[in-house]
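Work through the exercises below with the sequence and the model side by side. Try each task before you read its solution.

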Amino acid sequence: MKPEIAFVTGASHGIGRAIALEFARAGFALAVNCRQSADELDQLAAELKETFHVPCLPLAGDVGEEGFVDWAFSQAEQTLGPVSILVNNAGISHVGLLSDMSLQEWNRIIKTNLTSLFCCCRRAIPQMVRAQSGKILNISSVWGSCGASCEVAYSASKGGVNSFTKALAKELAPSGISVNAIAC
């Protein structure tokens, strides 16, 4: 019996790495992603394969870019099989006054923290709908509910993650797909 496939973004360190380790421990095959820490991602993939004897595919690139997401999911499907669990963990923050923030910095946070959910979910959903099952887990933050001084863009993006999650959960529930968020 083939293992279920989990796709975890932002997996090279921190929360994403811990999530990938737990999925591997439970016997899932994994596609793991990060934007710029490719060496750390490769080390994680090797560790998961060696320690837990599960297939693991490292996919370095920007999940806020539609073309990369299409390529990454195609690679995961061809190598491992259909993705049944998507964990949207990729995220960055910016600490500083909003008045000192550039539009480029704002857009980078929104792209990484929110546009990536759109790209990854849109790519994962058709297969999940065909299977009438699947799980999407979005990693949010307490700042998405109450806001943080000097982290306006991050707070706004995580508030978007919360609303995105609630709306998509209602949209996909009839198809047997659960969509949830964890506010770390």
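The exercises cover salt bridges first and nonpolar cores second.

This is a predicted model, in which local features need pLDDT of at least 70, side-chain atom pairs count only at pLDDT 80 or more, and totals for chains, interfaces and linings use all residues. Residues are numbered from 1 along each chain as its sequence is written, and side-chain values use heavy atoms, leaving out hydrogens and water.

**Exercise 1.** Find the salt bridge between Asp62 and Lys111, and say which parts of the chain the pair ties together.

*Solution.*
Step 1. Apply the rule: a salt bridge is a side-chain nitrogen of Lys or Arg within 4 Å of a carboxyl oxygen of Asp or Glu.
Step 2. Check the pair: Asp62 and Lys111 meet at 3.2 Å, N to O.
Step 3. Place both residues. Helices (H or I, at least four residues) and strands (E, at least two) are DSSP runs, numbered from the N terminus. Asp62 lies in the loop between strand 3 (56-60) and helix 3 (66-79), and Lys111 lies in helix 4 (residues 103-131), so the pair ties together parts 49 residues apart in sequence.
Step 4. Look for a network: salt bridges link Asp62, Glu65 and Lys111.
Step 5. Take the total: the rule gives seven salt bridges.

**Exercise 2.** Which elements does the salt bridge of Arg122 and Glu66 tie together, and are the two residues buried or exposed?

*Solution.*
Step 1. The closest N and O atoms of Arg122 and Glu66 are 2.0 Å apart.
Step 2. Arg122 sits in helix 4 and Glu66 in helix 3, so this pair joins parts 56 residues apart in sequence.
Step 3. Recall the classes: buried means under 20% relative accessible area, exposed over 50%, partly exposed in between (1.4 Å probe, protein chains only).
Step 4. Neither end class fits: Arg122 is partly exposed at 41%, and Glu66 is partly exposed at 42%.

**Exercise 3.** Describe the largest nonpolar core.

*Solution.*
Step 1. Define it: a nonpolar core is a set of buried Ala, Val, Leu, Ile, Met, Phe, Trp, Tyr and Cys residues joined through side-chain atoms within 4.5 Å.
Step 2. Count: the largest core has 27 residues. Phe7, Leu59 and Phe73 are among those with the most contacts inside it.
Step 3. Find the suppliers: elements giving at least two residues each include strand 1 (5-8), strand 2 (29-34) and helix 6 (152-172). Helix 4 gives the most, six residues.
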